[in-house]
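This briefing is meant for a reader who is meeting the structure for the first time. It goes through the strands and helices topic by topic.

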Amino acid sequence: MLRSIQPEALDSLAACDPRAQRSRRDLRLINILMGNAGSAACALAKELGDGAGIADLGAGDGTFMLRVARQIRPRPVRVALSLVDRAGAISGETTARFRALQWTATPLAADVIEWLHRAPADFDAMTANLFLHHFEPPALRRLLSLVAERTRVFIACEPRRSHLALAASRALWIIGCGPETCEDAVISVRAGFRDDELSQAWPDGRGWELKEGPRGPFVAEKSVFPRDKVCGGFLAATSSPLLEELGLGELFAGCAGPEIRTVALFAGSSQLAAQMPAAPAPCRPFGRAMRREDFDAMLLARAAHFGATIYQPWSVGAVQKEHDGFRCLVRGANQELRARLVIAAHGSWLPGSLATQPRHGAARPSDLIGFKTHFRGAALPSHVMPLLAFPGGYGGLVNSGASSAMASS
Ligand SMILES: Cc1cc2nc3c(=O)[nH]c(=O)nc-3n(C[C@H](O)[C@H](O)[C@H](O)COP(=O)(O)OP(=O)(O)OC[C@H]3O[C@@H](n4cnc5c(N)ncnc54)[C@H](O)[C@@H]3O)c2cc1C
């Protein structure tokens, strides 16, 4: 996706316009969901002391910085904060809330680049939230160059130009955002950044340490792919709409085994068979099996395509709650990942150290053992999926494509 910068509706609306007011309300909600204030607060906490001077560029209604100020731990006092935004939408109520934190907030209704030209060069920190993406490359370079001359630290949270962010921005109506916000969100993502584009726009040779990277979503997977699993790999027909939604319908159809139209029970020399009922639309009529080494790799690649950063092989050993999210500690490495939301998708079988995983226990005689075998040239009719019953256990057999049948027990 190439970067494209289009005017956003909010920029052309007067601060008192009800549509602008609704958009600013929506933006507050989006900022909360994105967790940008928490990220900025974490980054600022290491840099600020009492009496610091900060400028927030493109400050909007000032509430983003207010949330940052409330989340900084330890919170510095006697901070002088310049809130620079040409819309002049910062209320007396907001500045009073800063005062309660012993911060002096000064709203400055000005064009940021013009203001930077005459701003002093002694700021401890400057911040920008969802602001830099408004600028074409030459103006962005000029702005960053002025910033670099005037502050010790610069922290920016910007939209990531990715398919996942685009899909999320198109779904904002679900959380009640108005038409202007929904439209602006898509424009913002298309104007956003990826890789090290912001670092590239930063002026050279000034002794800055630059850190730029995606802030979630990420996938930490402990095993190296491709890897097999003790699993039949059969996907019921009812899963097909989800695969379509992920854009994987065709790929799955090309790699999976034949449609399973008959279920059967094989026990000793007895065999029972029954026709599988066809699933109703929008499902495909019948389910199919796919090798797990292919299926899981396909899903992981799709997550990466949608913008997820993949850390593999990384095993998460502990998840710690922080004030605005979680810290995931990676086992055996001095690494950690921070996220607002963690999905513990580690399966239910493997014991581990996470609170959501089963503990290691002593083996018992009643424990089950699972195994899986791949057969080439199997005589199993292609559309039949039998359940095999044998003394002490059971298993399944299914054609999984690439002339192989899988048995898992
Ligand atoms: C014999 C058998 C046959 C089955 N047949 C079928 C079938 O035909 N169809 C079907 O739909 N289901 C089947 N299942 C069930 C199916 O395998 C599971 O429901 C499914 O794999 C669960 O998916 P999951 O993503 O929750 O967990 P998993 O598939 O187990 O994935 C969890 C992942 O998390 C990783 N992980 C674990 N801990 C960590 C950590 N600390 N840090 C980072 N990564 C970690 C693991 O490496 C793994 O890749 C079968 C199960 C068995 C045992």
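**Strands, sheets and a pair of helices**

Strand β4, which covers residues 123-129, pairs with β5 in the parallel sense, and the pairing runs over 6 bridges. The model described here is a predicted one, and the points below place this strand pair in its sheet, turn to two helices that cross, and end with a second sheet.

**The parallel sheet**

- Within the pairing of β4 and β5, residue M126 stands opposite F154, which belongs to β5.
- Helix α3, made of residues 36-45, packs on the sheet and touches both β4 and β5, while its direction makes about 160° with that of β5. Since angles over 145 degrees count as roughly antiparallel, the helix α3 and the strand β5 are roughly antiparallel in direction.
- The sheet to which these strands belong is open and has 5 strands, arranged in the order β3-β2-β1-β4-β5 with parallel pairing.
- The edges of this sheet are taken by β3 (103-108) and β5 (151-157), and because each of them has a single partner strand, one side of each is left without a neighbour in the sheet.
- From one strand to the next, the twist of this sheet averages 20°.

**The crossing of α3 and α4**

- Two packed helices are described by the angle between their axes together with the distance between those axes.
- For α3 and helix α4, the latter formed by residues 63-71, the axes come within 8 Å and cross at roughly 50°, and the two helices are therefore oblique to each other.
- The crossing of α3 and α4 is right-handed.
- On the side of α3 the contact is made by A37, G38, A40, A41 and L44, and on the side of α4 by F64, R67, V68 and Q71.
- Sorted by character, the residues in the contact of α3 with α4 comprise 6 nonpolar, 2 polar and 1 charged.

**The antiparallel sheet**

- Another open sheet consists of 3 strands in the order β12-β13-β14, and here the pairing is antiparallel.
- Strands β12 (316-322) and β14 (336-339) stand at the edges of this sheet, each with a single partner strand, so that one side of each is left without a neighbour in the sheet.
- In this sheet of 3 strands, the twist averages 20° from one strand to the next.
- Strand β13, residues 325-330, pairs with β12 in the antiparallel sense over 6 bridges, and V316 stands opposite V330 in β13.

Key
Residues numbered from 1 in each chain as written. Predicted model: local features only at pLDDT ≥ 70, side-chain atom pairs only at ≥ 80, totals over all residues. Pairing = 2+ DSSP bridges. Helix = DSSP H or I, 4+ residues; strand = E, 2+ residues; numbered from the N terminus. Axes fitted to C-alpha atoms, helices over the stretch in contact; angles between N-to-C directions. Contact = placed C-beta atoms within 7 Å. Parallel < 35°, antiparallel > 145°, perpendicular 65-115°, else oblique. Left-handed = near helix turned anticlockwise from the far one by under 90°. Nonpolar A, V, L, I, M, F, W, Y, C, P; charged D, E, K, R; others polar.
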